[in-house]
Amino acid sequence: MIPTTFILCLLTLIAPTNSSAPAGDWRTSPIWYDGLVEKATYQASRPIYGKDRPYTAIFFTNKEQHDTKTWTKAAASTSTREVFKHNQIDDIPTPNYLYHFRTTSHLTTDTLDLTRMESSSQEFCGTSFKQIIKNGTGDSFTFWAFSYMPEAGHAEAQLTGPIIPFNALPLY
């Protein structure tokens, strides 16, 4: 069973974007090929233990070549696809300990189609992890989750898209 909070908080289903990027489009700008990430920071807050906790949210985006079979960073693959790797990092101090939340979305640079997304939270009590990965070239995805929470354990499901993670909405 897919946790409802994951679907509601991490995903928004929308129609596909225009698949042909016009000349001079921001997605093809030379700035993406300077070897640096594009980074933004924002003052944010998130409720933990029933109280809003202020922190600095960090977002960074860069381009990578990914292997089309594994949807991971390509080293020697002959079948690759260029993707935006878009990261959201939230380290939130609390009176007990620091909470770490990470979400990384991988979207094709030409159509902004999701190929893979990971979301994790780490704290002193344990780690939870969720992943969505594209199955081949269609709009079919596999969802995996693991949580340390009591009786939560492992979950797996098949999803259909298009799927756009909330943290990638700035790219749209």
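1. Burial and the model. A residue is called buried when its relative accessible area is under 20%, exposed when that area is over 50%, and partly exposed in between. The structure is a predicted model. By this cut-off Tyr99, with a relative accessible area of 9%, is buried. Tyr49, at 43%, is partly exposed. Over the protein as a whole, 40% of the 172 residues count as buried.

2. Overall composition. The protein has one helix and 10 strands. Along the sequence the pattern reads α-β-β-β-β-β-β-β-β-β-β, with the helix ahead of the strands. Among contacts with a separation of 6 or more, 42% come from residues 24 or more positions apart.

3. The sheet. Eight strands make an open sheet in the order β2-β3-β4-β5-β6-β7-β8-β9, and the pairing is antiparallel. Its edges are β2 (38–48) and β9 (153–160), each of which pairs on one side only. From one strand to the next, the twist averages 15°. In general, strands of a sheet pair through backbone hydrogen bonds, in either a parallel or an antiparallel sense.

4. The β2 edge. Strand β2 is joined to β3 (residues 51–67) by 11 bridges, and the two strands run antiparallel. One register point is Lys39, whose bridge partner in β3 is Phe60.

5. From β6 to β7. Strands β6 (residues 114–123) and β7 (residues 126–134) pair in the antiparallel sense over eight bridges. The connection is a hairpin through two residues. For checking the register, Met117 has Ile132 in β7 as its bridge partner.

6. From β7 to β8. Strand β7 also pairs with β8 (residues 140–147), in the antiparallel sense and over six bridges. Two positions fix the register here: Lys134 has Phe141 in β8 as its bridge partner, and Gln131 stands opposite Trp144 in β8. The hairpin has five residues between its strands, and Gly136 in the turn has a positive phi of about 70°.

7. From β8 to the β9 edge. Eight bridges pair β8 with β9 in the antiparallel sense. Phe146 stands opposite His154 in β9. This hairpin has five residues between the strands, and Glu151 takes a positive phi near 60°. A reader going through backbone torsions may wish to look at Glu151 alongside Gly136.

8. Aromatic groups. A search of the whole structure gives seven aromatic pairs. One of them is Tyr49 with Tyr99, an edge-to-face pair at 5.8 Å centre to centre with 80° between the planes. Tyr49 is in the loop between β2 and β3 while Tyr99 is in strand β5 (residues 98–108), so the pair ties together parts that lie 50 residues apart in sequence. Tyr49 and Tyr99 also belong to one aromatic cluster with Tyr97 and Phe101. A cation is placed at this cluster too: the charged end of Arg46 sits over the ring of Phe101, 3.7 Å from its centre.

9. Arg27. This residue is found in the loop between β1 (11–12) and β2. Is Arg27 buried or exposed? Its relative accessibility is 9%, so Arg27 counts as buried. A polar atom of the Arg27 side chain lies 2.7 Å from the backbone oxygen of Asp110.

10. His66. Strand β3 contains His66, which is buried with a relative accessible area of 1%. What does the side chain of His66 make a polar contact with? The partner is the side chain of Glu64, at 2.8 Å. Leaving aside neighbours within four places in sequence, the residues in contact with His66 are Trp71, Thr72, Lys73, Ala74, Ser79, Thr80, Arg81, Val83, His106 and Arg116. Of these, Arg81 is 15 residues from His66 in sequence, with a C-alpha to C-alpha distance of 5.3 Å.

Note on methods: Residues numbered from 1 in each chain as written. Heavy atoms only, no water. Pairing = 2+ DSSP bridges. Helix = DSSP H or I, 4+ residues; strand = E, 2+ residues; numbered from the N terminus. Axes fitted to C-alpha atoms, helices over the stretch in contact; angles between N-to-C directions. Buried < 20%, exposed > 50% of the residue type's maximum accessible area, 1.4 Å probe, protein only. Polar contact = N/O pair within 3.5 Å; in protein donor to acceptor, adjacent residues only side chain to side chain. Phe/Tyr/Trp six-rings, centres within 6.5 Å; stacked < 30°, edge-to-face > 60°. Lys NZ or Arg CZ within 6 Å of the ring centre and 35° of its normal. Contact = heavy atoms within 4.5 Å.
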